[in-house]
Amino acid sequence: MHSFREYLSEAKTVGGITHLEHPSDRLFDGPEATKHSVDTLKGIVSGKTPVTRKIDDKMSFQAIRKSDGGVGVKYKGSGSTYNFSAKDIEKQHGHKPYLAGPLNTLLKHVGKVLPEKPGEYQGGFMSTHETRKEEGGHIGHTPNTVEYHTPVNSAEGQKLKKSKVSLVVHTKLEGPERTPSPITSMAGFKEHPDVHQVQHVVSGKEREIHPDDKKIINAHINAAQDLLKGHDHSHLSGHESTLRSYINSTVRTGERPTTSGYRGHLSAVHDKKIEGVKMDATKAAKTAEKTAALAHVDKNKKAFDKSFDIHHHIQQATNHLADALDKSSASGGGFQTRIGGQASGGEGYVGGGLKIVNRPAFSRANLLKNVNLRAKDE
């Protein structure tokens, strides 16, 4: 079985976590990846696999404390370098105030809570006191899609109210390759009134799943395992990217993924490629690629049908697991959560290098939000 770090590397990780996979989508990467997903779900249900909250932050950042005690911060994006002064930030990101602002705030304050020992970390910027909302006896912020709110007079509310920045530090980057390792204990981190630290670690008590929920989750896991017996993944080779884009499209529409639905999606993807070229010879070559891809799906229809059934059960197990964790850790790290003004779960959880998210709930809201933002820009 692959390690947590190996799966983070496979999940497009370069110098920190850049993308976490849904357990169900790992099916498209072969039997070992699928086994890792199923084993991870079973480990979380049993309480043996550590879990952290996936925090819906405004901006992902990295921070470092050097051996001389100096602290630097950087935007997570590729090509960014560490900033150790406001001058560094102005030089690198002055033309992007939406990055420069949070980075300047982080540079002023994150060192107040980082461990004193040299180390490098990844986290998320949440808010400053200017971007928080206080009403009806509650205080909260909406960094991205999820609104986090809590009574002002609660311990968590007072910490947030008095702080100059709210953030979460969830990952340690280790070694020359800056390999990511989840922070499952905040030992070594300091407390400071200027810095509100989001509680991302899910305690053992909060990971206890109700027996009724366990029954539903395990039923889907068992159904997936039964279907996986003797299942050949070879028909999925070469389709990893288009299968993922198709699944995301069904999250937006709410429909259940099927082979016929995927065939239509695949046809549209190839049509777009054909329309994007001008030379007749190139169009002919891309048309031949489309014909071959669709013929492959038709030839392997039963195998694709079975794969979509397996995907369905793994996703259903994941959805119910995310909901069960929401119920068992109802405080959400001291906060209640809403999406679009309606009570909801949070962004989900992370375990075994995979994200445990109720996809129809959070992912659909997030995808639709991004679509609406793009429409406004256009």
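Student: What span should helix α8 (residues 259-275) have, and how far apart are its end C-alpha atoms?
Tutor: In this predicted model, local features need pLDDT of at least 70, side-chain atom pairs count only at pLDDT 80 or more, and totals for chains, interfaces and linings use all residues. Residues are numbered from 1 along each chain as its sequence is written, and side-chain values use heavy atoms, without hydrogens or water. The expected span of a helix is 1.5 Å times one less than its number of residues. For the 17 residues of α8 that gives 24 Å, and the end C-alpha atoms agree, being separated by 24 Å.

Student: Which residues of α8 are buried?
Tutor: Buried means under 20% relative accessible area, exposed means over 50%, and partly exposed lies in between (1.4 Å probe, protein chains only). Helices (H or I, at least four residues) and strands (E, at least two) are DSSP runs, numbered from the N terminus. In α8 the buried residues are Thr259, Tyr262, His265, Leu266, Ser267, His270 and Ile274.

Student: Which helices help cover the buried residues of α8?
Tutor: Look for contacts, meaning heavy atoms within 4.5 Å. The cover of the buried residues in α8 includes α7 (240-253), α9 (280-299) and α10 (301-328).

Student: Which salt bridge partner does Lys290 have in α8?
Tutor: A salt bridge puts a side-chain nitrogen of Lys or Arg within 4 Å of a carboxyl oxygen of Asp or Glu. Lys290 is in helix α9 and its partner is in helix α8, 19 residues apart. The N to O distance is 2.7 Å, and the partner is Asp271.

Student: Are Lys290 and Asp271 buried or partly exposed?
Tutor: Lys290 has a relative accessible area of 18%, so Lys290 is buried. Asp271 is at 29%, so Asp271 counts as partly exposed.

Student: Which residues form one network through salt bridges that share partners?
Tutor: The whole structure holds 20 salt bridges. Bridges with shared partners make one network of Glu21, Arg26, Asp29 and Arg244.

Student: How many residues apart in sequence are the parts that Lys161 and Glu134 tie together?
Tutor: These two form a salt bridge, with the closest N and O atoms 2.9 Å apart. Lys161 lies in helix α5 (residues 155-162) and Glu134 in strand β5 (residues 133-135), so the pair ties together parts whose separation in sequence is 27 residues.

Student: What relative accessible area do Lys161 and Glu134 have?
Tutor: Both values fall in the partly exposed class. Lys161 has 39%, and Glu134 has 45%.

Student: Which residue pairs with Glu135 in a salt bridge?
Tutor: Glu135 is partly exposed, at 49% relative accessibility. The closest N and O atoms of the bridge are 3.9 Å apart, and the partner is Lys133.

Student: Which residues does His313 touch, leaving out those up to four places away in sequence?
Tutor: His313 is in helix α10. His313 is buried, because its relative accessible area is 19%. The residues touched are His220, Ala223, Ala224 and Leu227.

Student: Which side chain makes a polar contact with that of Asp326?
Tutor: Asp326 is also placed in α10, and is partly exposed at 23%. A polar contact is a pair of N or O atoms within 3.5 Å; within protein, one must be able to donate a hydrogen and the other to accept it, and residues adjacent in sequence count only if both atoms are side-chain atoms. Beyond four places in sequence, Asp326 is in contact with Gly345, Gly346 and Tyr349. The polar contact, at 2.7 Å, is with Tyr349.

Student: What distance separates the C-alpha atoms of Asp326 and Gly346?
Tutor: Along the chain these two are 20 residues apart. Their C-alpha separation is 7.6 Å.
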